[in-house]
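Trainee: Could you take me through one part of this model up close, and then show me how the rest fits around it? Plain language is fine.

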Amino acid sequence: MRARVEIDLGALRANVRALRARTDGAAYMAVVKADAYGHGMVRCAEAALQAGATWVGVATPYEALELRAAGITPERARVMCWLWTPGGPWREGIEADLDMSVSGLWALAEVTEAARATGRRARIQLKADTGLGRNGCQPADWAGLVDKARAAEREGLVTVTGLWSHFACADEPGHPSIPAQLARFDEMSARAYAGGLRPEVRHMANSPAVLTLPEARFDLVRPGIAMYGLSPSPELGTPADHGLRPVMTLAAPLALVKHVPGGHGVSYGHHYVTAGPTTLGLVPLGYGDGVPRHASGSGPVLVDGKWRTVAGRIAMDQFVVDLGGETPPEGTEAVLFGPGDRGEPGAEDWARAAGTIGYEIVTRIGGRVPRVHVDAEPHGDAGPRADAAGPRD
C-alpha cells in the first residue's frame with residue numbers, strides 16, 4: 001500500500017468497556033458520525049455493540065440509514081440521528097425505526113406528515129438548546145414544541161423517546177456554562193414532563209462529560225472521541241489517564257531516500273533549505289489525504305526509531321523529512337501518529353503542530369488511504385483478523 005490507516009478494533013472495544021464502567025449504569029450510545037471520526041463507521045459500530053453499547057449515534061439520517069442497510073437492525077441497536085434539513089428522508093427514517101431528533105416546529109411538521117403517509121408512529125427526540133447556540137430549540141420556544149409534540153403523540157403519529165442537549169464547554173473544567181446548562185436542561189425537562197411527555201431517556205453527556213461530570217450522565221451517554229482513544233482536551237489529561245488507547249495509526253513507507261547538498265531548497269516556496277549535506281526522505285502522503293498543510297515545517301514523524309519533522313511545505317500527495325544524513329532504505333515505515341507503543345507521535349502532537357484539535361486530525365484522513373481493521377482481541381466466535389477496506393466499510 002502507498003499508505004494505510006490501521007484501526008485497532010480490540011482497542012476500541014476496550015475503550016468502550018472502560019467508558020461504560022464510568023457511566024453509573026446509564027445506557028451507552030456509540031457515536032460513529034463522520035465515518036466514525038475517520039475510523040470506519042460500520043466496523044466501529046459493530047465493535048462498540050460487541051463491547052456493550054446498545055445505541056448508535058450519527059449526525060445525518062443518511063449515515064443512520066447506511067447503518068441499517070449494513071445489518072445493524074432494530075433488534076440489535078437503537079440508531080439515532082440529529083442533523084436534519086427540510087425535505088429530509090423522514091419516511092425512510094420511520095420505516096428504518098430510527099430515533100430522529102427534532103429541534104423546531106418545521107421538523108415536527110415534516111415528521112408527522114411522514115408518519116401519516118407511512119401509517120406508523122415516528123420515534124422522535126426533542127433537542128433543547130441549553131446554551132450551545134447551535135441546533136436545538138430555544139427555551140422561549142420550548143413550550144410550544146413540547147405541546148405540539150404531545151398533541152402528535154395523542155394522535156398516534158409520534159412517540160417522544162428522548163429529551164437531550166449538548167454542552168458547549170464540557171472540555172473546560174469549571175467553566176460556568178456547565179452548571180448553567182445543566183440547570184436549564186432540568187428546567188426544560190420539567191416543562192416537558194408537565195406537558196405530558198414521558199421520554200425513555202434524557203441525555204447530555206459527550207466524551208468530556210462522561211469523564212468528568214457524573215451529574216450529567218442521566219439515562220444515556222454519548223461518547224465520541226474518547227471511544228477512539230483520544231482525550232477530548234489536554235486539560236482533561238492524556239488518554240492513558242482515563243484508561244483509553246488510541247485506535248488509529250497512520251503510516252506510509254518512504255518512497256525515496258536521497259542525498260542532497262547544503263543550501264538545497266525543499267518543497268514549494270523553499271521555506272526549508274538544508275543547513276548542510278544531508279539525506280531527505282519522501283513520505284507519500286499529503287493534504288489530499290488529509291495531512292494538514294498547516295503542519296508544514298512542524299509535523300512530527302517517526303522514521304527508523306527517530307522523530308523527524310516535516311521539512312518545508314506539505315504538498316497534495318507527499319511531503320519530505322530531513323533524515324540528518326541517515327539512509328534508511330526505501331520502504332522503511334514512516335509513522336505519522338499512533339498509540340505510542342514504538343515512541344511514535346500521537347494525533348494530539350499533530351494537532352498542536354497544525355493549531356487544531358485531535359478530532360480533526362483523525363477525522364480528516366481521506367478515502368484515498370485504505371483502512372486496515374486489525375482485530376487482535378478475540379470476541380464471540382471470531383478470532384484475530386486483519387482486513388483492508390476501501391474508503392468506507
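Mentor: Let's start at Val5, whose bridge partner in β19 is Arg371. Keep in mind that this is a predicted model. On β10, the bridge partner of Val5 is Leu250, so Val5 has a partner in each of two strands. Zoom out to the strands themselves: β1 covers residues 4-8 and pairs with β10, residues 248-253, in the antiparallel sense, over four bridges. With β19, residues 371-375, β1 runs parallel, and four bridges join them. As background, strands of a sheet pair through backbone hydrogen bonds, either parallel or antiparallel.

Now for the open sheet. Eight strands build it, in the order β8-β7-β6-β5-β4-β3-β2-β9, and the pairing is parallel. Its edge strands are β8 (201-203) and β9 (220-221), each of which pairs on one side only. For a look inside that order, take β5 (residues 99-102) and β6 (residues 122-127): they pair in the parallel sense over four bridges. Within that pairing, Asp99 stands opposite Arg123 in β6.

Asp99 turns up again if you move to Val79, which is found in strand β4, residues 78-81. Leaving aside neighbours within four places in sequence, Val79 is in contact with Val56, Ala64, Leu67, Arg68, Ile72, Leu98 and Asp99. The relative accessibility of Val79 is 0%, so Val79 counts as buried. Val79 and His166 are 87 residues apart in sequence, and their C-alpha atoms are 18 Å apart in space.

What about Ser165? Ser165 lies in the loop between β7 (158-164) and α8 (177-194). Don't let the word loop suggest that Ser165 is out in the open: its relative accessible area is 1%, so Ser165 is buried. Not counting residues up to four places away in sequence, Ser165 touches Lys127, Ala128, Thr130, Phe185, His203, Met204 and Arg222.

On to the cysteines, since a biochemist will want to know about those. A search of the whole structure finds zero disulfides. Cys81 is in none, and the nearest cysteine sulfur, that of Cys137, is 18 Å away; a disulfide would need the sulfurs within 2.5 Å. Cys81 is buried, with a relative accessible area of 0%. Cys169 is buried too, at a relative accessible area of 12%.

The aromatic side chains are worth a stop as well. The count comes to seven aromatic pairs. One of them joins Tyr37 and Tyr359: the pair is tilted, at 6.5 Å centre to centre with 35° between the planes. Tyr37 lies in helix α2 (residues 33-38) and Tyr359 in helix α11 (residues 358-363), so this pair ties together parts that are 322 residues apart in sequence. Tyr37 is buried, with a relative accessible area of 8%, whereas Tyr359 is partly exposed, at 24%. Add Tyr228, and you have one aromatic cluster, formed by Tyr37, Tyr228 and Tyr359.

Another pair is Trp90 with Trp106, this one edge-to-face, with 6.3 Å centre to centre and 70° between the planes. Here Trp90 lies in helix α5 (residues 90-95) and Trp106 in helix α6 (residues 105-118), so the pair ties together parts that are 16 residues apart in sequence. Trp90 counts as buried, at 3% relative accessibility, while Trp106 is partly exposed, with a relative accessible area of 38%.

Finally, step right back to the chain. The protein chain has 11 helices and 20 strands. Its radius of gyration is 24 Å, close to the 21 Å that the globule rule gives for 393 residues, so the chain is as compact as a globular protein of that length. Along its principal axes, the C-alpha trace spans about 80 × 45 × 40 Å. Buried residues make up 55% of the 393 residues. Among contacts with a separation of 6 or more, 66% are between residues 24 or more positions apart. As for the outside, the accessible surface of the chain comes to about 15,600 Å², and 52% of that belongs to carbon and sulfur atoms.

Note on methods
Residues numbered from 1 in each chain as written. Heavy atoms only, no water. Buried < 20%, exposed > 50% of the residue type's maximum accessible area, 1.4 Å probe, protein only. Phe/Tyr/Trp six-rings, centres within 6.5 Å; stacked < 30°, edge-to-face > 60°. Rg over C-alpha atoms; globule rule 2.2 N^0.38 Å. Contact = heavy atoms within 4.5 Å. Areas by Shrake-Rupley, 256 points an atom, 1.4 Å probe, with all protein chains shown as cover. Pairing = 2+ DSSP bridges.
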